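Please examine the model below together with its sequence. The explanation after it moves through strands, a single serine, nonpolar cores and a further sheet.

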Amino acid sequence: MKTGLSAGLALLVLGVADDVRAQAVVRNLVIAADPQPFTPDDLLWMEVRSGELLLTDSLNVYSSRAGVFVPLGELSRVLDLAVGVFPAQRRAEGWVLSPDRQLIVDLAAGRATVNGRVTPIAPGQAAFYGDDLYVRLDLLQQLLPLQLRADPAAQVMELTPTEPLPFQQREARLRRQAGLGLLVGEADAVALETPYRPFTPPAFDVNIGGQLSRDGSDLARRYDVRAAGDLLWAGFEGYVGSDDRGDIGDVRVMLTRKDPGGRALGPLGGTRAGLGDVFSPSMAMGAAGYAGRGVFYTSAPLESLDLATPLNLRGELALGEEVELYVNEVLQAAQTSPVQGRYEFLNVPLAYGLNTIRLVFYGSQGQSREVVRRINFGSGQLEPGRLALRFGAVEQGAAVFDVGQAPSVPDQGRSRIVATAEYGLTPALTLAAGAARYSPETGPARTLGSLGLRGSLGAAASQLDLAFDDQGGSGVGLGLASRVLGVSAVGRHAEYSGGFVDETRQLGVIGQAPLRRATDLRLDGQARGPAGLALPVSFNLRRLERIDARALTNAELRASAPLDRYYVSSSVVWEDERGGGLESRRRLAGATDAATLVASVVQVRGGLSYVLAPDAAIESAYVLADWQTSRSNALRFGAIRTLGPNPTTSLQASNLWRASRFDLAFNVSYETGSRDWRIGLQMGFGFGYDPFARGYRFTRPGAASGGAVAVNAYVDDNGDGVRQAGEIGVGNVVVDIPGSVDLTDDQGRAFVSGLGDSASARIRLDAQGVDDPFLTAGPPVFSVTPRAGRVVTVDYPMRRSAELELTIALRRGDGSARPLSAVNLSLVPESGGEPLAGRSDHAGVLFLEGVRPGAYRVALDPAQAAALGLELVEAPTVVVPPSGGFVRAGEVVVRLAAGES
């Protein structure tokens, strides 16, 4: 007999499949103690888990008054350990984790040797049964680097390794291969291309509203219409909005191209480019981003920012909608009404690293939707040799179509040109430069130039910027960011001279003196509360000093967390303004909001805003209740109480009818102070082009503000991937996109809008609800670059499959055969493709589901076969018929390789 690895890997057979089999082999029972520690009646099949990972759903375990006994050979195969069992010699041997850590269990001598350390085996701690060595839990935990906790009543065994075991290392490799932040298998998403076309039928969103107020003499009527699709090999977006008299008040048009891979303009590269009503880029110091008619181009990553580049979020906001901004689950800001049909959040505060941005939209009657983005905020370093450009030229505040709007910014129509460039010098250092010609809101037009570096100082990201303008102004800024004890810290400080105007630090400020210096500090982390509650907390501190000696200090603490059945957000703000010959002002104020769900159908939101200093007082309070009376109908009731010198209460109620193709709302409100009343009616709907029906269909609102997906699920009888006239559709396939879920109909079709307009999105298809269990689906996840108004078509062919059963047996030296558990096998398609892998259960049976029609060759797992000294003796050719169904494929016979015993 060989020793060490080769001897330890015989692993003979697994014990007993049922009580009949147990009685047949009872004569083979050899015990290490008298009386016998267990009987065949003590057999249990236990599920073995390690945390959330299921290692095997059935392991032969004997539980008696003497304890719980686990098969050493079978467990070693489950854990991929090189330990074999030899009943004839009453021994088990092999090695654990490395060949120099030898394990020998000698039942005849009554001792075990683990890595040179001898452990005596007490009577009743181990026994041979059938062809395996059953070891009691207390002894097994001395032999292997693990802790075991068995629950015979639940038939579950929890395994906790005390050292990394092979199965853990394998899982860790799979997670690394799947990519950061993704679940295992998510990295295998199939990429779908949506090339730009000269024309695609556009999608439309329409909102129409009318309101009658007071005694019926005041009548307001408003509407907005959005359109989006492909035009001239670019994405087209258009908007027309009215004033309260129903006259056109705003018009916007834009042609854009977007490609996260850097091919937006073909040979000119780029990740995003636009023409029409666009926004100029923002610099690290100096010129901020402004809206206007013009052009825009960038080749910088779409979801990554350096420390000094602000995140400005803008998008479409329909009539009657409100939007809340959450950063890493902390409420940061809200906008209650659209401005020129859009929402706008400027200088969004971010934590160092990956940030989750969540925009929650609320309709006037309680309907809600979410848009989620992930932004990597850090040093802004580029790989060596990569060049990232940003360029914008706009007439600030002007629109392509002038319909007589009032000026939206000072100096409307004056040109603004901004260009920045970043170049990766080394893996740790990036050079930045910029130039701009712009007209700030304070002071004359000026030309600006800047230089900067982005790099690392140990574990901290660092950024240095210098800027000069032709008016004699200059500025220098330093930024640092790192994580310390799990807390993200981002700090920036800038010094200015000569009247330099830094718009990025004083957005929207008009008529105030230029800055002398500015300091920002942001801390983000999680505080631990009772019962393991994780409380996301963010702290912002800003201090601005102006050349007129005026100084403003602003500190804000925000936190959001689920508390029992409530989700609570709270903030406290300290403001201190002094100097410059003006009266000093100090103020401490706060706000608290809470939301909960009552009886699973009524969502209640309420909140307070208050002042704590100099004089404590409640400023306002509100409560809103949204009652989902049915799938298509909802009611809203609300009350808002405003205090102060002129307190008043506003009451409101609305009814929303959510049809399958539109929203219709009826609103009433009453203000107690002025005794004003209002009655309103609002309707919202969309038009989306269905490529399967070759025509338009009504959709819910949102068709033109983001992409849509059309799914075609069918039974692919001939396997060509193209739906033929006679191939039937598959219903009940779940289509899951960000913010929306739908099912395919009886024809296998689904049209779902709301895919968003981010850099990337994922479409998940789930066929678990399909009635036919022998239909196998294709890839479950698709990755797309969504565009407003564009429909992504997903053909989803499904094929018949089989549920397959194989039995695995070990042929012994006397010619008899025994079932063998925990053997890794694979079915290799003869026509090519990925093998199907599986493992035999406690009875030596291998089950595989979702096996496609075709012929397969049976193969042993090479690593396990080499480790255990096993070789294939007999194996059938597995044939799955085109109709699928249940296939009993026969028996696979293995034996010990020559020289093993």
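The following paragraphs describe selected local features of this structure.

This is a predicted model, in which local features need pLDDT of at least 70 and side-chain atom pairs count only at pLDDT 80 or more, while totals for chains, interfaces and linings use all residues. Residues are numbered from 1 along each chain as its sequence is written, and side-chain values use heavy atoms, with hydrogens and water left out.

We begin with strand β8, which covers residues 111–114; helices (H or I, at least four residues) and strands (E, at least two) are DSSP runs numbered from the N terminus. Its side chains alternate: A112 and V114 point to one face and are buried, whereas R111 and T113 point to the other and are not. Buried here denotes under 20% relative accessible area, exposed over 50%, and partly exposed the range in between, with a 1.4 Å probe and protein chains only.

Strand β8 has antiparallel pairing with β7 (residues 102–106) through four bridges, where two strands count as paired if DSSP finds at least two bridges between them. V114 is the bridge partner of L103. Four residues lie between β7 and β8 in their hairpin, and G110 in the turn has a positive phi of about 75°. Strand β8 also pairs with β9 (residues 117–120), again antiparallel and over four bridges, with T113 opposite V118. In this second hairpin two residues separate the strands, and N115 takes a positive phi near 55°.

Further along the chain, S242 belongs to strand β17 (residues 234–242). S242 is buried, with a relative accessible area of 5%. Its side chain reaches the backbone nitrogen of Y223 at 3.0 Å. Setting aside residues up to four places away in sequence, S242 touches R221, R222, Y223, D247, I248 and G249, contact being heavy atoms within 4.5 Å.

Next come the cores. A nonpolar core is a set of buried Ala, Val, Leu, Ile, Met, Phe, Trp, Tyr and Cys residues joined through side-chain atoms within 4.5 Å. The largest has 38 residues, and L79, L133 and L144 have the most contacts inside it. Helix α4 (residues 137–143) supplies the largest share of this core, four residues. A second, separate core of 25 residues includes V858, A865, V887 and L896.

Finally, an open sheet of four strands follows the order β58-β57-β60-β62 with antiparallel pairing. Its edge strands, β58 (836–839) and β62 (878–880), each pair on one side only. Three bridges link β60 (residues 854–860) to β62, and A855 has V879 as its bridge partner.

Terms used
A polar contact is a pair of N or O atoms within 3.5 Å; within protein, one must be able to donate a hydrogen and the other to accept it, and residues adjacent in sequence count only if both atoms are side-chain atoms.
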